[in-house]
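User: Please take a close look at the salt bridges in this model. Describe the places where they sit, and then the helices and loops that help to place them.

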Amino acid sequence: MRLTQSQLAIIDAASTLLPESERELYGHPLVNVPSVAGSGKSVLITELARRDATKDILFLTHSRNIADRARGSLPANVTIMTVSDAAMRYARRLYQSKLQSRRVRGALSEEDLIRAAGMGCTRLEAQRARHILARFYRSANRFPEPSDVPSQPEWAQSASEVRRALQAARDIWFSQLDRSTDSAPLTFSAIVKLWTQSATESVFIPEFNRTVAISPLNDPDIIVLEESQDSSEALLDFLARQNVAVVMLGDAYQALRDGNRKIQNQQHGLQRRAQTFMMRESWRFGPSVASVLNAITDRVAGQGDTRIVGLGQSSVVPLGQRLHWERAGKHYTYIASSVCSLFQEALRATDAGLTIAWVDGLESYPFQLFRDLLCIGTPVDGLRPTTAPRLHQVDSPLLRDIRSLEAARQRLHGRFDMVGVALCDWLLSIDRAGLLEKVDRWRQLDEDRQNSLLTRWQAPPERDITLSTVARAKGHEWPRVAVAEDCFPTSLIAGDWRLRYSQRIVANTAYTAMSRAQHELAVSEAFLNYLIDQGWQLPDNNYTGDKENAGLGELHPYFGGHRHTLLEMAPSQRGKRQVIASVKPSSQRTSGQLALKAKVEATADRLAHNSVDELRSQLRPKRRQQKS
């Protein structure tokens, strides 16, 4: 692929390191690259690494799928890690005893919070401290500050209640920082936070009787931060303190959760100090897909119809077109915002007799929670869920004593499990008769599929539809994509053109889902009609279908058909997959060495009858050196 002028300028800016004597005065290069989907970021990083193979480059990303893909495409001098993995690697060295005795938690229980906060802390104060800590982990503060207190709750207006909740949050954080085994357990968010506050530290290793320096980043020459729009203020402040070159790549419209507005608006100090290069051109899709994406960005920030330039071929059609794809036997990927919509689509596909695949495998979704709730919602007469036949038993300890979906909803809501609450609401609204048998069939079919993917397939085994949430689809693309209706709520298909900032995540969700398509994109018909009614110009579709099977025979580890196979495998299984080694076609050209050998042998046969004196006379005479 030929690099564009903007890509060359980015590489030059990032790879021009100052002499050692000038680094303390001027610092290292800082490069900020707001880039659209499909703009060639992987090519950019690859060329940056190849410019000087002696430089160590650290590639950081927030997505494990993006990290897996990068490992198969980037050169050997690039170390690829997720932010969580980098933080965990550092924590395992400094908190080894604590992590061996107490596993890392997804979240602290109320008992953990109260125990860490000390005597006198009530359950209500522990719950408030949890909200403060959630904001603190992403902030740049060294410990919980008043700025980390949420402003919406009523208790936040009382100075005394804020003071008590804030003190509880500080006590919990300081207990987490303690390396003793009886301190508060670490959570994944807490590990990332303490990593962003760290510096190189000397640690004594008893096994080797020596002291070693442990660096949080292992001193790379260049740090490449992918998906920078999802970064916290704590992470960017941490990178700003490192005396290394930093390249930030990201698309603010692919941020799927409420983050730091300053970062998403490119106003963080690290972003403002950096040289900024905008990558607008996308080779992934054509003008029609680019147009619907530009409509989203124009509604959010008034950026017109030129923010994204589609250089490929694509078609945008109403969502009903996917039924024609199914009848024609054309595989497509269905992307939904919520797991409820995804499971609803799986039920429809099952009833239609379609073969289903799941991005990252079925077990990567809250399937077990869904099944447990279904068991509670369809009990066996006279039996509790724990004593029912195996088919109807609840596996989750949290829900074993629950006998109704309403009670399960109340408990999940108390634990702030909004996904579980949404699943309860959905199950209460549908007919659950015979549903449990279909769901168990999903698991069996997915297990069989996961096992088949380990064999020597060149392309994914046959499937009609691949299911994914927007979050799991992020960073990838498929030739044909259908975006679920739940990605287009009322605010996107009605009302004023300009969206409020509070609706930014809704717009980003639709933008991210639609930008996964390479050639054909099916979206809500109401959304397309709204754009037409508002006078938005949709260009003609230019996809002709001549790239239908392009790439399916490719065997590159993270491109072509094999890459799509890896996406449909459970992450723990991907390293086990085998690929048929490609057979190199035999060359029709004569080998140069064989030709030379034949020439020498023919000359030897021709001169075989000559005597030594005759052979010596045929040698070329040496040129006499001219006397000066």
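Analyst: The salt bridges come first, followed by helix packing and some loop residues.

The model is predicted, with local features needing pLDDT of at least 70 and side-chain atom pairs counting only at pLDDT 80 or more, while totals for chains, interfaces and linings use all residues. Numbering starts from 1 along each chain as its sequence is written, and side-chain values use heavy atoms, with hydrogens and water left out.

A salt bridge here is a side-chain nitrogen of Lys or Arg within 4 Å of a carboxyl oxygen of Asp or Glu. That rule gives 27 salt bridges. One of them joins the side chains of Arg284 and Glu477, at 3.2 Å from N to O. Arg284 belongs to the loop between β9 (281-282) and α14 (287-301), and Glu477 to the loop between α21 (470-473) and β15 (478-483), so this pair ties together parts 193 residues apart in sequence. Helices (H or I, at least four residues) and strands (E, at least two) are DSSP runs, numbered from the N terminus. Both Arg284 and Glu477 are buried; the term means under 20% relative accessible area, with exposed over 50% and partly exposed in between (1.4 Å probe, protein chains only).

A second long-range pair is Arg449 with Glu568, whose side chains form a salt bridge at 2.6 Å, N to O. Here helix α20 carries Arg449, while Glu568 is in the loop between α25 (560-567) and α26 (592-606), so parts 119 residues apart in sequence are tied together. Arg449 is buried, with a relative accessible area of 7%, and Glu568 is buried too, at 2%. The loop between α25 and α26 also contains Gln573, which is buried with a relative accessible area of 16%. Leaving aside residues up to four places away in sequence, Gln573 touches Gln450 and Leu454, where contact means heavy atoms within 4.5 Å.

The pair Arg348 and Glu345 is a local one: their side chains meet in a salt bridge at 2.8 Å, N to O. Both residues are in helix α16, three residues apart, or about one turn of the helix. An α-helix has 3.6 residues a turn, so residues three or four places apart point the same way. Glu345 is buried, at 4% relative accessible area, whereas Arg348 is partly exposed, at 26%. Arg348 and Glu345 also belong to a network of salt bridges with Arg322 and Glu326.

Helix α16 (339-351) and helix α20 (435-453) are two of the elements that pack against the buried residues of α19, along with α17 (367-377) and α18 (405-414). In α19 (residues 418-428), the buried residues are Gly420, Val421, Leu423, Cys424, Trp426 and Leu427.

Next, the helices earlier in the sequence. In helix α7 (residues 110-117), Asp112, Leu113, Ala116 and Ala117 are buried. These residues cover an arc of only 120 degrees around the axis, which puts them on the same side of α7; the arc is that of the directions from the helix axis to the C-beta atoms. Their cover includes α8 (123-136) and α9 (159-177). Just after α7, Gly118 takes a positive phi of about 95 degrees.

Helix α9 also meets helix α10 (residues 188-196): the two axes come within 11 Å and cross at roughly 75 degrees. Axes are lines fitted to C-alpha atoms, for helices over the stretch in contact, and angles run from 0 to 180 degrees between N-to-C directions. The helices α9 and α10 are therefore roughly perpendicular, a label for angles of 65 to 115 degrees, with those under 35 roughly parallel, over 145 roughly antiparallel and the rest oblique. In this contact, α9 supplies Trp173, Gln176 and Leu177, and α10 supplies Ala190, Lys193 and Leu194. These residues divide into four nonpolar, one polar and one charged. Nonpolar covers Ala, Val, Leu, Ile, Met, Phe, Trp, Tyr, Cys and Pro, charged covers Asp, Glu, Lys and Arg, and the others, Gly among them, are polar.

Two loop residues remain. Most residues other than glycine have a negative phi. Glu227 is not a glycine, yet has a positive phi of about 55 degrees. Glu227 lies in the loop between β6 (222-225) and α11 (233-240) and is buried at 7% relative accessibility. Asp360, in the loop between β13 (356-358) and α17, likewise has a positive phi, near 75 degrees. Asp360 is buried, with a relative accessible area of 3%.
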